[in-house]
Amino acid sequence: MTATTMLIDMLELGHLDSKKIAALAGLAPMTQQSGKWQGKERITGGRASCWRAIYMPALVAIRFNCDLHETYQRLVNAGKTKKVAITAVMRRIVVLANTLLRETHDWLPERP
């Protein structure tokens, strides 16, 4: 269901670089600086349906994927909030999906 939602709502998937695809999904920090004002970057914008579709798989990945669990734990141990850590995992999932679609590989196993 997540893959279908991503492919339908993010037609650009596989055609943009990682920063732009993360911004499209609402998972990239946006600067709101103008003039002399220097504020914090916030994650805003993006397509809400994509964000919602990626949230639950990110929670599952945090629990069962060793690499993403390690990323999550490293961020939480560094003092980041759990929401920020989950958002980082979600961004990694979107960037990975974008990379897999951009590199046109035949993902079926070879048969002898």
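**Notebook: contacts, core and helices**

I began with Thr 2. Setting aside neighbours within four places in sequence, I found Thr 2 in contact with Ala 53, Ile 54 and Pro 57. I note here that the model is predicted.

I looked up where Thr 2 sits: helix α1, residues 2–9. Is Thr 2 buried, partly exposed or exposed? Its relative accessibility is 23%, so I logged Thr 2 as partly exposed; the buried class requires under 20%. I then took the C-alpha to C-alpha distance from Thr 2 to Tyr 55, which is 9.3 Å, with their positions 53 residues apart in sequence.

Next entry: α3.

Tyr 55 led me to this helix, since α3 bends by about 25° at Tyr 55. I saw that a proline, Pro 57, follows within four residues. Pro 57 had already come up as a contact of Thr 2. I checked the length as well: α3 has 17 residues and reaches 25 Å from first C-alpha to last, close to the 24 Å expected at 1.5 Å a residue. I listed the buried residues of α3 as Cys 50, Ala 53, Ile 54, Ala 58, Ala 61 and Ile 62. Two of these, Ala 53 and Ile 54, are contacts of Thr 2.

Next entry: the core.

I looked up the largest nonpolar core and found 21 residues, with Met 10 and Val 94 having the most contacts inside it. The elements giving two or more residues to this core are α2 (18–24), α3 (48–64), α4 (66–77) and α5 (82–102). Which element gives the most? I recorded α5, with six residues. I then listed what Val 94 touches, not counting residues up to four places away in sequence: Met 6, Met 10, Leu 13, Ile 21, Ala 25, Leu 27 and Ile 54. Ile 54 is also a contact of Thr 2. As background, nonpolar side chains tend to be buried together in soluble globular proteins.

Next entry: α5 and its packing.

I checked the span of α5: its 21 residues should cover 30 Å at 1.5 Å a residue, and the end C-alpha atoms are 30 Å apart, so the two agree. In α5 I found Ala 85, Ile 86, Thr 87, Val 89, Met 90, Val 94, Ala 97 and Asn 98 buried.

I then took α4 against α5. They pack at an angle of about 145°, with axes 9 Å apart, and the crossing is right-handed. From α4, the contact is made by Asp 67, Leu 68, Thr 71, Tyr 72, Leu 75 and Val 76. From α5, I listed Lys 82, Ala 85, Ile 86, Ala 88, Val 89, Arg 92 and Ile 93.

Key:
Residues are numbered from 1 along each chain as its sequence is written. This is a predicted model: local features need pLDDT of at least 70, side-chain atom pairs count only at pLDDT 80 or more; totals for chains, interfaces and linings use all residues. Side-chain values use heavy atoms; hydrogens and water are left out. A nonpolar core is a set of buried Ala, Val, Leu, Ile, Met, Phe, Trp, Tyr and Cys residues joined through side-chain atoms within 4.5 Å. Buried means under 20% relative accessible area, exposed over 50%, partly exposed in between (1.4 Å probe, protein chains only). Contact means heavy atoms within 4.5 Å. The expected span of a helix is 1.5 Å times one less than its number of residues. The bend at a residue is the angle between axes fitted to the seven residues ending there and the seven starting there. Axes are lines fitted to C-alpha atoms, for helices over the stretch in contact, and angles run from 0 to 180 degrees between N-to-C directions. A crossing is left-handed if the near helix is turned anticlockwise from the far one by less than a right angle, and right-handed if clockwise.
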